[in-house]
Amino acid sequence: MYSISLGDAELGPLEPWHAEEFLANIDRGREFIGQYVGLPDLVTDLASSRAYLQSYADKAASDTGRLHGIRRDGTLVGGVLFRTMDLMQGVAEAGCWLEPAAAGQGLVTKAARVLIDWAIEERGIHRVEWRAASKNEASIAVARRLGMRRDGVLREYTLHRGERFDLEVWSVLAPEWRAQSTAE
């Protein structure tokens with residue numbers, strides 16, 4: 001399996017055969033991750049873990065999504081993904097998850113940079129979106145660190161565990177991404 005160095009961690013694909021490792025990662029962070037996203041509610045056992053990973057293998061095969069894990073010292077601690085990729089329109093929606101022990105160390109920002117750069121430079125994506133519950137300050141901070149702009153708020157858009165959340169939409173356009181990449 002290939003991996004890309006993030007300095008203190010590595011980024012690599014997550015495949016259906018990683019189902020046990022993925023489930024263990026979700027189990028370690030189930031409540032933390034599940035505060036604002038539904039991933040822990042979807043991945044509850046080995047069968048659902050494998051099915052989730054297979055859905056992304058299918059998306060990768062059809063060029064409509066991607067899923068990569070972040071590993072530190074060989075342990076899966078989180079990941080980044082393109083939940084959707086529409087090559088015809090040139091739009092992709094990025095996202096992430098991270099277990100609590102790995103939070104606050106810049107891992108998601110580093111990993112998302114790699115994924116976004118690949119999407120823009122290799123796949124011709126023009127607009128990358130980042131959606132986060134308005135209360136999810138950590139995710140919004142990642143969008144800011146990635147140089148994204150806040151497009152707006154979808155009021156009470158997301159129903160999660162019986163509560164409605166406002167959903168913020170952030171984005172970066174390919175010319176903006178390239179300009180900030182050359183400035184760094």
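Which residues does Ala 119 touch, not counting residues up to four places away in sequence? In this predicted model, the partners of Ala 119 are Phe 82, Gly 124 and Ile 125. Ala 119 sits in helix 4, and its relative accessibility is 0%, so Ala 119 counts as buried, the limit being under 20%. A handy pair of distances for finding one's way around the model is that between Ala 119 and Ala 138: the two are 19 residues apart in sequence, while their C-alpha atoms are 23 Å apart in space.

Helix 4 also matters for the account of the nonpolar cores. The largest of these has 33 residues, and the ones with the most contacts inside it are Ile 70, Phe 82, Ile 116, Val 128, Trp 130 and Met 148. Several elements supply at least two residues each, among them strand 4 (75-86), strand 5 (91-98), helix 4 (107-123) and strand 6 (127-133). Helix 4 gives the largest share, eight residues. A second core, separate from this one, has 15 residues, including Leu 14, Ile 33, Tyr 52 and Leu 67.

Turning to the aromatic rings, a search of the whole structure gives four aromatic pairs. One of them joins Phe 22 and Trp 97 in an edge-to-face arrangement, with 5.6 Å from centre to centre and 75° between the planes. Phe 22 belongs to helix 1 (residues 19-33) and Trp 97 to strand 5, so this pair ties together parts that lie 75 residues apart in sequence. Both Phe 22 and Trp 97 are buried. Together with Tyr 52 and Tyr 56, these two residues form one aromatic cluster; Tyr 52 is also one of the residues of the second core.

Terms used
Residues numbered from 1 in each chain as written. Predicted model: local features only at pLDDT ≥ 70, side-chain atom pairs only at ≥ 80, totals over all residues. Heavy atoms only, no water. Core = buried A, V, L, I, M, F, W, Y, C linked by side-chain atoms within 4.5 Å. Buried < 20%, exposed > 50% of the residue type's maximum accessible area, 1.4 Å probe, protein only. Helix = DSSP H or I, 4+ residues; strand = E, 2+ residues; numbered from the N terminus. Contact = heavy atoms within 4.5 Å. Phe/Tyr/Trp six-rings, centres within 6.5 Å; stacked < 30°, edge-to-face > 60°.
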